[in-house]
Every structure is written in structure tokens, then in C-alpha cells.
Amino acid sequence: MTRSSLTRRRLVVLAGGLTAALAGCTGGTDDTAEPTPTATATRTDRPAALTDPAPVPEDASCAVCNMMPAKFPDYNAQLTVEAGDRVFFCSSGCLAAYYVDPGHFESAHQGATVAGIWAHDHEAKDLIDARSAWFVRETNADRVDDPMQRNPLPFADRADAEAYVAEYDDLSESDILRLSEFDMELATFYRGRFFE
């Protein structure tokens, strides 16, 4: 889902709120309306489908490092599990650690089926489906300016991942991975201190 579609969704919500506000100003009330639930770290005001990304609540904390994902709009990530939970991350590195061993961070998610998983494209900064993304196993923190300084870099297109790898002598096409190839070695390389 692109930012423009998230923006359209916000406009629809705003328009609905404006309509309700105008109805209140003209004396119209709806005594049958149910109150809107408040946002929490794992739920949003109007929950998106489990197969769609959702806006990151301001008070959400990263399930791995406890940083605030909303502060990193170009790097944060999220996943949903079929049980209905939505989990937020500050970056693709924390997403990788959680994806490899969710039970280490949330015992209820051990063995849970992932319904959706998203990360931000390294170049375009759009939120992309991580299951179809290509990740570069970047090992040099000096080349990127993202949270935690060590993250696999997601790309929507393999050609973009290949172009990134071609820029550096210490990277090769063997450093281009799919999410399904993430393993404990990769998770501990990026977030080892959280597995201690």
C-alpha cells in the first residue's frame, strides 16, 4: 500500500468526522452510535484488515527494542497474526529478529500464523509487502542512516536490490535475500543483544 492510499483513507475518516461534527452543530444526534475504541500499542482506532498495513499509533513501542516506531516513518515495519494482533517495529532489523523468533518477544505469537507483514522500501520509502520484498544483508552501518544503524534493507524490486549491491565491493548478489530466508544467524547479527 502506498502513502497516497493511506492519505485517501485518512481523508475518508476526516470527512466522516466532519459530517458527524456538522450534524452535532445542527442539533442532529445519533444516540445509537457506539463509542469508538481508543488506540493501544497493538490496536488502532479503526482496525485495518489483518491483510492491510495500518497507521502506526503514536504510543506504539517496538516489540523488540521498545523504541517508538511512529518516530521513524520511513523505516518502521509491522506485522499481523491471524489471532488479530498487530505488532509494530522501529525498523526492518527488529522485524527480522521478531520474524525469526516471535516467541522470544511475545510468547503468544510462538507458532502463530502471520497474516500480513510490511516494511518500508529502502529507497522509495513506501510501505511494501515484506513477503514479496528483496532484502539486502547490509553489514556496514556507516552506509545507512536508519534506526539502530544495522538493518537488512528492503526493496520492492530485485533490480533495485541488485543496483544497491553493485555499488559496493563488499556486497554481492548472495547478500540479496527473501524474508523466507531469514534465520537466527541474521536475526542475531542485527539484534543479538536482544537474544541474550
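Which residues are linked with E138 in a network of salt bridges? Keep that in mind while you get oriented; the tour reaches the network near its end.

**Stop 1: colour by confidence**

This is a predicted model. Colour the chain by pLDDT before anything else. The mean is 82, and 76% of the residues reach 70 or more. Now select residues 1-44. Here the pLDDT is below 50, and the stretch has 30 contacts in the model beyond near neighbours in sequence. Where pLDDT is low, the predicted coordinates should not be read in detail. Hide that stretch if it clutters the view.

**Stop 2: strand β1**

Select residues 77-81, strand β1. Five of its five residues are buried, so the strand is largely enclosed by the rest of the structure. Show the side chains. In a regular strand the side chains alternate between the two faces of the sheet. In β1, A77, L79 and V81 point one way. Q78 and T80 point the other way. Both sets are buried.

Add β2, residues 86-89. β1 and β2 pair in the antiparallel sense over four bridges. For one matched position, pick Q78 and look across to F88, its bridge partner in β2. The two strands form a hairpin, with four residues between them. Stop at G84 in the turn: its phi is positive, about 110 degrees.

Next bring in β3, residues 114-120. β3 also runs antiparallel to β1, and four bridges join the two. Centre on V81 to find V114 of β3 standing opposite.

**Stop 3: the cysteines**

Select the cysteine sulfurs. How many disulfides does the count come to? The count is zero. A disulfide is a covalent bond between the sulfur atoms of two cysteines. Start with C62. The nearest cysteine sulfur belongs to C94 and is 3.7 Å away, and C62 is in no disulfide. C62 is buried, at 1% relative accessibility. Move to C90. Its nearest cysteine sulfur is that of C65, 3.6 Å away, and C90 is in no disulfide either. The relative accessible area of C90 is 0%, so C90 is buried.

**Stop 4: H122**

Follow the chain past β3 into the loop that leads to β4, residues 127-129, and select H122 there. Is H122 buried or exposed? At 17% relative accessibility, H122 counts as buried, because the cut-off is under 20%. Show its surroundings. Leaving aside residues up to four places away in sequence, H122 touches V144, L153, P154, F155 and Y164. L153, P154 and F155 make up β6, residues 153-155, so the next selection follows from H122's contacts.

**Stop 5: the β6-β5-β7 sheet**

Select β5, β6 and β7. They form an open sheet of three strands in the order β6-β5-β7, with antiparallel pairing. β6 and β7 are the edge strands, each pairing on one side only. Strands of a sheet pair through backbone hydrogen bonds, either parallel or antiparallel. Zoom in on β5 and β6: three bridges join them. F135 has P154 of β6 as its bridge partner. P154 is also one of the residues that H122 touches.

Now add helix α4, residues 158-166. α4 lies across β5, β6 and β7, at about 10 degrees to β5.

**Stop 6: the salt bridges**

The model has six salt bridges. Begin with D175 and R137, whose closest N and O atoms are 3.3 Å apart. D175 sits in the loop between α4 and β7, and R137 in the loop between β5 and β6, 38 residues apart. D175 is buried at 12% relative accessibility. R137 is partly exposed at 30%.

Now the opening question. E138 is linked with R143 and D170 in a network of salt bridges. Centre on R143. E138 bridges to R143 with the closest N and O atoms 2.7 Å apart. D170 also bridges to R143, at 3.0 Å. D170 lies in the loop between α4 and β7 and R143 in the loop between β5 and β6, so this pair ties together parts 27 residues apart in sequence.

Colour the three by accessibility to finish:

- E138 is buried, at 2%.
- R143 is partly exposed, at 22%.
- D170 is partly exposed, at 48%.

Methods
Residues numbered from 1 in each chain as written. Predicted model: local features only at pLDDT ≥ 70, side-chain atom pairs only at ≥ 80, totals over all residues. Heavy atoms only, no water. Salt bridge = Lys/Arg side-chain N within 4 Å of Asp/Glu carboxyl O. Buried < 20%, exposed > 50% of the residue type's maximum accessible area, 1.4 Å probe, protein only. pLDDT = per-residue confidence, 0-100. Contact = heavy atoms within 4.5 Å. Pairing = 2+ DSSP bridges. Axes fitted to C-alpha atoms, helices over the stretch in contact; angles between N-to-C directions. Disulfide = S-S within 2.5 Å.
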